[in-house]
Amino acid sequence: MDAGSPFDGVRDRVADVREIAVLRANRIGDFLFALPAIDALRAAYPDARITLLGSRIHEQLLASRPSPIDRVIVLPPAEGVNVTDGPPVHEDALERFFDAMRREAFDLALQLHGGGRYSNPFTRRLGARVTVGLKADDAEPLDRSAPYVYFQSEISRALDVVALVGAEPVTLEPRLTVTVRDRADAARLVPVDGSPLALLHPGASDPRREWPPEHFAAAGDAMAEAGLQVAVTGLSSERGTVERVIGRMRAPAIDLCGRTTLGALLGLAERARVVISNDSGPLHAATAVGAPTVGIYWCGNLITGAPLTRARHRPLISWRLDCAVCGTNCMTSWCDHTATFVGEVRPEEVIAAAKDLLAASSAAPAASLTAR
């Protein structure tokens with residue numbers, strides 16, 4: 001690799017690689033951060049088959065969608081890898097899974113999943129010829145390991161890992177192809193009538209990352225005043241949050257809570273003139289299809305999860321460190337309270353950033369919606 005490369009941990013490629021396994025079994029947003037690393041693997045090992053060891057939602061996302069991944073194998077429940085409050089772990093099912101994986105005869109198994117306390121022993125049990133991955137202080141090493149340091153961009157973290165097997169970056173931001181079916185699913189929810197669209201996503205997997213509903217309502221009203229049709233998305237479990245946003249808006253908004261498949265969300269995001277969202281899977285998916293985004297981030301999450309470029313993205317930062325309930329500094333400690341850490345981002349900041357993106361997109365040539 002060139003001496004000036006930022007990825008100076010690059011090592012030699014592994015010879016005679018035909019089968020590659022990549023462990024990344026967490027949420028959609030987390031998976032998307034790994035795509036540039038998987039793009040690099042595809043470029044370095046063009047004749048190998050790349051298997052994602054992931055979840056059912058990854059399988060659904062990648063079905064009939066062009067990507068560097070050839071197939072998805074859905075993991076059974078495994079402690080510390082894909083189980084929190086989910087189904088119980090059954091050791092006999094896990095052993096059958098590992099028996100099947102050893103028969104796959106993987107040449108490379110890459111752990112892009114996390115610090116490795118649980119995922120590195122899991123990766124070793126796959127029986128690959130060479131194991132590669134992240135290693136926190138409490139994790140056992142793999143054959144080739146990169147240090148897990150929490151405050152690092154997830155994208156560059158995964159690129160550090162694949163550099164250990166000679167895979168140099170070819171992309172630096174996640175990209176997802178939007179399909180004809182995605183666009184058709186989106187059009188059934190919001191017909192294509194020429195009206196410019198703004199998407200709001202007020203939910204998040206962690207309530208501490210949720211911007212207040214009244215702030216989202218103010219941003220939605222500003223987008224409506226700017227001439228955009230406003231739609232509010234959310235999971236069925238986020239129904240209360242979506243209703244509070246729409247109920248506080250003066251302008252009408254389309255309620256899409258619980259109605260969007262992942263494909264429809266991608267189709268809508270591709271059409272959107274702006275997406276305003278908490279730090280969440282839908283925000284990262286919108287970024288991956290090229291939508292202009294205004295993301296609301298807690299400062300620590302900005303380091304790990306924000307887009308790397310700013311031409312189409314305006315991440316806004318809350319610098320709050322202390323829990324509003326107990327005063328614990330949550331940058332260095334932990335508490336169980338769920339009060340928001342991002343409420344101090346002002347609506348005026350978000351509205352100004354969104355209008356800046358609208359002005360930029362109006363000045364740019366229209367993007368083609370031809371199926372890719």
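Biologist: Which exposed residues does the face of α13 turned away from its buried side carry?
Modeller: In this predicted model, that outward face carries A359 and A363, and they are called exposed because their relative accessible area must be over 50% to earn that word.

Biologist: Which residues of α13 are buried, then?
Modeller: The buried residues of α13 are P347, V350, I351, A353, A354, L357 and L358, and the word applies because each has a relative accessible area under 20%.

Biologist: What puts them on the same side of α13?
Modeller: Around the axis they cover an arc of only 165°, which is why they can be placed on the same side of α13. The general background is that an α-helix has 3.6 residues a turn, so residues three or four places apart point the same way.

Biologist: How do you know that the span of helix α13 agrees with what its residues should give?
Modeller: Helix α13 runs over residues 347–363, and its 17 residues at 1.5 Å a residue should span 24 Å; the C-alpha atoms at its ends are 24 Å apart, so the two values agree.

Biologist: What covers the buried residues of α13?
Modeller: The cover includes helix α8 (213–225) together with the strands β10 (274–278), β11 (293–298) and β12 (316–318).

Biologist: Strand β12 also holds L316, so why does L316 count as buried or exposed?
Modeller: The relative accessibility of L316 is 15%, and because the limit for buried is under 20%, L316 counts as buried. Leaving out residues up to four places away in sequence, L316 touches V294, G295, I296, Y297, V345, E349, V350 and A353, and among these V350 and A353 are also buried residues of α13.

Biologist: Why is E154 called buried or exposed?
Modeller: E154 has a relative accessible area of 14%, and as the cut-off is under 20%, the conclusion is that E154 is buried. Apart from neighbours within four places in sequence, E154 is in contact with R24, F33 and T304.

Biologist: E154 lies in helix α6, so what makes α6 mostly covered?
Modeller: Eight of the ten residues of α6 are buried, namely E154, I155, R157, A158, L159, V161, V162 and A163. They pack against the helices α1, α2 (35–44) and α12 (299–305), and against the strands β4 (108–111), β5 (130–135) and β6 (144–147).

Biologist: How many cavities of 30 Å³ or more does a search of the whole structure find?
Modeller: The search finds two, of which the largest has a volume of about 80 Å³, while the second largest holds about 50 Å³ of space.

Biologist: Which residues line the largest cavity?
Modeller: The lining is made of L32, F33, I155, P174, L283, H284, T287, Y297, G305, A306 and P307. Two or more of the lining residues come from each of α1 (28–33) and α11 (281–288), and α11 gives the most, with three residues.

Biologist: By class, what does the lining of the largest cavity have?
Modeller: That lining has eight nonpolar, three polar and no charged residues, and G305 belongs with the polar ones because Gly is placed in that class.

Biologist: And which residues line the second largest cavity?
Modeller: Here the lining consists of L199, L200, H201, T233, L265, A269, V275, P282, L283 and A286, with at least two residues supplied by each of β7 (197–201), α10 (262–271) and α11. By class, this lining has eight nonpolar, two polar and no charged residues.

Definitions and conventions: Residues numbered from 1 in each chain as written. Predicted model: local features only at pLDDT ≥ 70, side-chain atom pairs only at ≥ 80, totals over all residues. Heavy atoms only, no water. Helix = DSSP H or I, 4+ residues; strand = E, 2+ residues; numbered from the N terminus. Expected span 1.5 Å × (residues − 1). Buried < 20%, exposed > 50% of the residue type's maximum accessible area, 1.4 Å probe, protein only. Arc of directions from axis to C-beta. Contact = heavy atoms within 4.5 Å. 1 Å grid on protein atoms, 1.4 Å probe; cavity = no way out; pocket = protein on both sides within 12 Å on 5 of 7 lines; lining within 4 Å. Points joined across faces, edges and corners; volume = space filled by probe spheres on them.
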